[in-house]
Amino acid sequence: MSALARLGATQQRLLRQLLMAPEGCSVEELCERLHISHNAVRQHLSALLAREYLERGQARPTGGRPQARFRLTETGRALFPRNYGMLSTALLMKLRERYGPAALEEMLQELGRTLGGHEVALPPEASNDEVAQRLASQLDALGYEAVVARHGQEQHVEAFNCVFHALARSAPQVCKFDLAYMEAASGRRIHHMECIIRGGHVCRFRVGDPKR
């Protein structure tokens with residue numbers, strides 16, 4: 001059983017809220033999102049701070065007394081699954097070393113297309129918002145902690161847990177897997193709007209036109 005699974009359900013929900021809030025949350029925000037009392041939130045925060053899963057972030061001015069904020073530490077982020085192991089990371093690095101970055105990118109795209117091709121796509125008349133909802137659910141099942149979020153008039157897919165986090169820093173070609181998977185799973189063009197590895201708060205994807 002993972003360390004995250006050994007925590008209580010409320011603490012797991014609290015940690016997921018903070019995963020989706022890189023700048024942290026106040027006690028009041030967590031009360032609203034979790035639908036529990038101030039005292040309950042503070043008790044859970046104290047327990048998670050003691051385990052060093054959380055840290056106190058910079059207080060945000062409110063016009064009155066500044067509100068303390070809490071955010072995940074690296075230890076806290078490590079609780080969330082990265083669905084690859086040491087062996088797969090070493091294998092990808094060895095492939096890049098032997099065949100070069102371009103070949104690695106092509107392999108990852110092919111892998112993404114293969115896995116995405118096993119998903120059942122929505123019909124062509126489905127709206128982009130419906131496709132975004134489906135893709136978020138599929139990515140979430142792979143461990144990406146993915147949701148849909150509105151940007152202007154569109155729903156985008158936001159992933160808060162890059163499953164290739166460590167590897168992507170040195171081999172950005174792995175991002176091609178995400179795009180290939182989503183395009184194959186949806187039959188739509190997918191645009192990579194924001195990337196955690198490149199300084200973004202999330203990995204964010206926009207659903208485009210059907211592929212021809």
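Is Cys-195 buried or exposed? Cys-195 is buried, with a relative accessible area of 7%. Keep that residue in mind for the first of these close-ups, which come from a predicted model.

**View A. Three cysteines and the bonds they don't make.**
A disulfide is a covalent bond between the sulfur atoms of two cysteines. Here the cut-off for calling one is 2.5 Å between the sulfurs. Start at Cys-195: its closest cysteine sulfur belongs to Cys-175, and that sulfur is 4.2 Å away, so the two are too far apart for a bond. Now try Cys-203, whose closest cysteine sulfur is the one in Cys-195, at 4.4 Å; that's too far for a bond as well. Cys-203 is also tucked away: it counts as buried because its relative accessible area is just 6%. The final tally of disulfides is zero.

**View B. Helices H6 and H9 packing against each other.**
To describe two packed helices, people give the angle between their axes and the distance between the axes. For H6 (residues 101-117) and H9 (residues 175-186), the angle is about 30 degrees and the axes are 7 Å apart. That angle is why H6 counts as roughly parallel to H9. The crossing of this pair is right-handed. On the H6 side, the residues making the contact include Glu-105, Leu-108, Leu-111 and Arg-113. From H9, the partners include Lys-176, Phe-177, Ala-180 and Tyr-181. Sort the residues in this contact by class and you get eight nonpolar, four polar and three charged.

**View C. Gln-138, a buried residue in helix H7.**
Look for Gln-138 in H7, the helix covering residues 128-141. Gln-138 has a relative accessible area of 9%, so it counts as buried. What does Gln-138 touch, once you skip its neighbours within four places in sequence? Its contacts are Glu-119, Val-120, Tyr-181 and Ala-185. You may recognise Tyr-181 and Ala-185 from View B, where they're on the H9 side of the contact with H6.

**View D. Arg-56, an exposed residue in strand S2.**
Arg-56 sits in strand S2, which runs over residues 54-60. This one counts as exposed because its relative accessibility is 57%. Ignoring neighbours within four places in sequence, Arg-56 is in contact with Leu-49, Ala-68, Arg-69 and Phe-70. If you want to find Leu-7 from here, go 49 residues along the chain; its C-alpha atom and that of Arg-56 are separated by 20 Å.

Technical notes: Residues numbered from 1 in each chain as written. Predicted model: local features only at pLDDT ≥ 70, side-chain atom pairs only at ≥ 80, totals over all residues. Heavy atoms only, no water. Helix = DSSP H or I, 4+ residues; strand = E, 2+ residues; numbered from the N terminus. Buried < 20%, exposed > 50% of the residue type's maximum accessible area, 1.4 Å probe, protein only. Contact = heavy atoms within 4.5 Å. Axes fitted to C-alpha atoms, helices over the stretch in contact; angles between N-to-C directions. Parallel < 35°, antiparallel > 145°, perpendicular 65-115°, else oblique. Left-handed = near helix turned anticlockwise from the far one by under 90°. Nonpolar A, V, L, I, M, F, W, Y, C, P; charged D, E, K, R; others polar.
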